[in-house]
Amino acid sequence: MSPTDTPALRSLVLGSGGGGGVPQWNCNCRVCRLAWDGDPRVKRRTQSSLAVSADGESWLLLNASIDLREQILARPAMQPKGQGRHSPIAAALLTNTDVDHAAGLLALRERQPFTIWGTRATLDTIGANRIFDVVGRDIVPRRAVRLGERFEPLPGLTLELFAVPGKVPLWLEEGEVKTDEIGEGTVGVAVEAGGRRLVYAPGCAHVTDDLHARIAGAHALFFDGTLFTDDEMKRAGLGDKTSRRMGHQPVSGPGGTLETLSGHAGVRRILIHINNSNPILIEGSPEEQQVKAAGWEVAYDGMEVRP
Ligand code: MLT
Ligand code: MN
Ligand code: ZN
């Protein structure tokens, strides 16, 4: 960004789906069936990532989706400009080490400089897995940030990470799993540029006072929309885990997102990281109507938000 340009916060949804995407490779649930059939009521969705920028030229990925290559193919803003090797993707920050959020680092392995940001715990987890060393540490530094520390991964773009209740990634689960641990393992991100602010929390087991305060201070919120009802997967015969067991507060029901975040009507509120079993993905469904009536939007791939 040249010094004369005023930073202006932009965000671009690269992947609005949760783990598995829509449709999911092995799924024929109600939503996936419509998606496989090309029904216009259900948009295809790639897995979980939001890109943010202060100048519209260089971008920070909030999560590196396992579908990242497909997302770059779909979004001109993410494609190389000028001669030879180049990418507008200047940095990537991970909010946790779930496969949908971290595996995309492997798609960024062709000797392109950028920076990987995360908490110490997150960087230690990917650091312990040697496959990520394919992204050469000599040109791709990994930079740890502390919770509550303000930092500027790109000029004009200021971030702060904060703990949100969550659990270890599925691939690290062992024995009894605490589903709402507060620490460095699962974080939300507060992003600011040009005086505008957004909060991104694609995985959240329950809303803390800290998160309430951060939402109240933001212009836009991208929030965990994984499942509509706690027992949705069970009832559809897709698995036996509840939403809460997966570390995701359900959208509806007691203690759900519509209820707990109803006080933030002044903030533009968008559900993201939406699992394919979630009926809000069917346009015109009663559930989609319900979230809209409550003032929420449903993210889709390619959605642009200028908070
Ligand atoms: C989640 O958000 O709970 C995870 O992405 C699940 C998974 O790894 O499939
Ligand atoms: Mn996920
Ligand atoms: Zn499905």
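Cys32 is buried, its relative accessible area being 0% (buried is under 20%, exposed over 50% and partly exposed in between, with a 1.4 Å probe and protein chains only). The model is a predicted one, with local features taken at pLDDT of at least 70, side-chain atom pairs at pLDDT 80 or more, and totals for chains, interfaces and linings from all residues. Residues count from 1 along each chain as written, chains are lettered from A and ligands numbered from 1 in the order written, and side-chain values use heavy atoms, without hydrogens or water.

Cys32 (SG) is one of the donors to the zinc ion (ligand 3), along with Cys27 (SG), Cys29 (SG) and Asn276 (OD1), at 2.3 to 2.4 Å. Donors here are N, O and S atoms within 2.8 Å of the metal (3.2 Å for Na, K and Ca); water is not among the atoms, so sites may look incomplete. The donor angles run from 103 to 115°, so the arrangement is tetrahedral (four donors with all angles between 85 and 135 degrees). Along the sequence, the donor spacing reads C-x1-C-x2-C-x243-N. Cys27 also counts as buried, at 10% relative accessibility.

Now for the backbone. Most residues other than glycine have a negative phi, and most peptide bonds are trans. Val22 and Pro23, however, are joined by a cis peptide bond with omega of about -5°. Asn63, not a glycine, has a positive phi of about 85° and is buried at 0% relative accessibility. Arg111, likewise not a glycine, shows a positive phi of about 55°, but this residue is exposed, with a relative accessible area of 51%.

Note on methods. Tetrahedral: all angles 85-135°; square planar, octahedral: opposite > 155°, others 65-115°.
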